[in-house]
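Reader: Could you walk me through this one? I'd like to begin with the ligand and then wander a bit.

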Amino acid sequence: MGAGELGFSTRAIHGGKIPDANKSVVAPMYQTATFRYDTVEEGARLGAETGPGYFYTRWGNPTTDLFEQKMALLEGGEAALATSSGMAAIATAVMSLLRAGDHVVAPKAVYQATFGLFDSVLPGYGVEATFLDDPDVGAYERALRPNTRLLYIETPNNPLLGVIDIAGVVALARARGARTIADNTFATPYNQTPLALGVDLVCHSATKYLGGHHDVTAGVIVGSRDLIRGCVKTMRIFGGVLDPFAAFLLVRGLMTLGLRVERHNASALALARHLADHPKVARVHYPGLPGHPRHAVAARQMTRGFGGMLSLEVRGDVAAGARCVEALRVAKLAVSLGGVSTLVTHPASTTSVNMPREVRLAAGIADGLIRVSVGVEDLADLIADVDQALDRV
Ligand SMILES: *Cc1c(COP(=O)(O)O)cnc(C)c1O
């Protein structure tokens, strides 16, 4: 049986190999920055990568390799490259594909730092971007220019759990000879595998579900051997290398990814349904609800579930939203997402507090909008917690 035929969790637990003479069940951590060679000839060979072995951790490390092998198996790619953060993965992937004179199309609601890369960094290097308010396939098509080289996808995304039709965007890109990158952080490879839909490179903030325990900052890129080779060259220059201890924690996290995401999916769907009927809640945004504007697309491309992220709009003003999040006892107020603990943010009073109200509302951030990363606590406790907090609004 090839690894590709094994189930998701079996691949996550047993996939990938590193040399270990002692046959330990858990792969050892190679917490080392560099590796010995016995002859200058061997050193030259390792540096030029013309044979097996390790040279320097920015070039490669066995623990990091194991994480990469598992990610390639889970996303269905030929190769993967681990990085020091999700932004290191995205910046590395994007910079490896683009040259001065190129044009990018991306949704306006991409992760904030990704928006910054396209909006304020790349223009200085001669790369222009067009941002889509409503990124349906038609909008991507209308934004195409003769020099469009990259169609960037992030689905689902902030803050309203927007969904993009991956196969539709890939078809457009292929017809034009452009590349596609998909940020698969919210969905995880358990729910969605963009490479199977024809995407060229998948990026993750491994800080989120892949690590899953709020204790590691990391990223990863998955794709063809050829494109990953290009990413490796870029990463070695920009330097966003993953630390071996972080790789060790990620290998451990991946082993329970299937179990955790199963629970995130079920709890988020149950909480979304509960909130949709709550008198204090004006709206719930969750791709798994039939009322979501792209529920059908989500159901097609998210094959096992709709993920653990949702947002809700509490009725009332900014102060009402703030009172609600401050009244929570189980859920914690914190940025980031995708871990065992339920985390909430109220953008209008925190991350978007300095935005003019009209601009904020135009970006879909209502006064009472609360983003919830549903954790793996007992569902009854999460529902009781949200109910008692909504009672205080
Ligand atoms: C967090 C996040 C990132 C950035 O990842 P870091 O690990 O914080 O650098 C990128 N994309 C999405 C969708 C994210 O949630």
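Author: Let me fix one term before we start: a polar contact here is a pair of N or O atoms within 3.5 Å. Please also keep in mind that this is a predicted model.

Reader: Fine. How far does a backbone N or O atom of Gly-86 lie from an oxygen atom of the ligand?

Author: For Gly-86 the distance from a backbone N or O atom to a ligand oxygen is 2.8 Å, and a backbone N or O atom of Met-87 likewise lies 2.8 Å from an oxygen atom of the ligand. There is a side-chain contribution as well, since a polar side-chain atom of Thr-207 sits 2.6 Å from a ligand oxygen. Taken on its own, the ligand has 380 Å² of accessible area, and the protein covers 91% of this.

Reader: How many residues surround the ligand, and which are the closest?

Author: The ligand is surrounded by 14 residues, with Met-87, Asp-183, Ser-205, Thr-207 and Lys-208 as the closest. By class, the shell around the ligand consists of six nonpolar, five polar and three charged residues.

Reader: And which helix gives the most to that shell?

Author: That is helix H4, residues 86–97, which gives three residues to the shell around the ligand.

Reader: Let's stay with H4. Is it mostly covered or mostly open?

Author: H4 is mostly covered, with nine of its 12 residues buried. The buried residues of H4 include Gly-86, Ala-88, Ala-89 and Ile-90 in its earlier part, and Val-94, Ser-96 and Leu-97 further along.

Reader: What caps its N-terminal end?

Author: Ser-85 caps the N-terminal end of H4, where a side-chain oxygen of Ser-85 lies 3.4 Å from the backbone nitrogen of Met-87.

Reader: What span should H4 have, and how far apart are its end C-alpha atoms?

Author: At 1.5 Å a residue, the 12 residues of H4 should span 16 Å, and the end C-alpha atoms are 17 Å apart, which agrees.

Reader: New topic: aromatics. How many aromatic pairs are there?

Author: The count comes to seven aromatic pairs. One of them is Phe-35 with Tyr-54, a tilted pair at 5.6 Å centre to centre and 35 degrees between the planes. This pair links distant parts of the chain, 19 residues apart, with Phe-35 in the loop between helix H1 (8–14) and helix H2 (40–48) and Tyr-54 in the loop between H2 and helix H3 (62–75).

Reader: Why does Tyr-54 count as partly exposed, and is Phe-35 buried or exposed?

Author: Tyr-54 has a relative accessibility of 21% and therefore counts as partly exposed, given that buried means under 20%. Phe-35, with a relative accessible area of 15%, is buried.

Reader: What about Phe-118 and Tyr-152, how are those rings arranged?

Author: Phe-118 and Tyr-152 form an edge-to-face pair, 5.2 Å centre to centre with 75 degrees between the planes. Phe-118 lies in helix H5 (residues 112–121) and Tyr-152 in strand E4 (residues 148–154), so the pair ties together parts that are 34 residues apart in sequence. Phe-118 is buried at a relative accessible area of 1%, and Tyr-152 is buried at 0%. Elsewhere, ring pairs link Phe-55, Tyr-56 and Trp-59 into a cluster.

Reader: Now the backbone. Which residues does a cis peptide bond join?

Author: One cis peptide bond joins Thr-155 and Pro-156, with omega about -10 degrees, and another runs from Asn-158 to Pro-159, with omega near -20 degrees. Pro-156 is in the loop between E4 and H7, and Pro-159 is also placed in the loop between E4 and H7.

Reader: Which residues have a positive phi without being a glycine?

Author: Glu-49 has a positive phi of about 55 degrees, and His-214 has one of about 60 degrees. Glu-49 is found in the loop between H2 and H3 and is partly exposed, with a relative accessible area of 45%. His-214 is in the loop between strand E6 (201–205) and strand E7 (219–223), and at 37% relative accessibility His-214 counts as partly exposed.

Reader: Last one: where is Gly-177, and is it buried or exposed?

Author: Gly-177 is in the loop between helix H7 (166–176) and strand E5 (179–183), and at 56% relative accessibility Gly-177 counts as exposed. Gly-177 and Arg-149 are 7.4 Å apart in space, C-alpha to C-alpha, and 28 residues apart in sequence.

Conventions
Residues numbered from 1 in each chain as written. Predicted model: local features only at pLDDT ≥ 70, side-chain atom pairs only at ≥ 80, totals over all residues. Heavy atoms only, no water. Near = heavy atom within 4 Å. Polar contact = N/O pair within 3.5 Å; in protein donor to acceptor, adjacent residues only side chain to side chain. Areas by Shrake-Rupley, 256 points an atom, 1.4 Å probe, with all protein chains shown as cover. Helix = DSSP H or I, 4+ residues; strand = E, 2+ residues; numbered from the N terminus. Nonpolar A, V, L, I, M, F, W, Y, C, P; charged D, E, K, R; others polar. Expected span 1.5 Å × (residues − 1). Buried < 20%, exposed > 50% of the residue type's maximum accessible area, 1.4 Å probe, protein only. Phe/Tyr/Trp six-rings, centres within 6.5 Å; stacked < 30°, edge-to-face > 60°.
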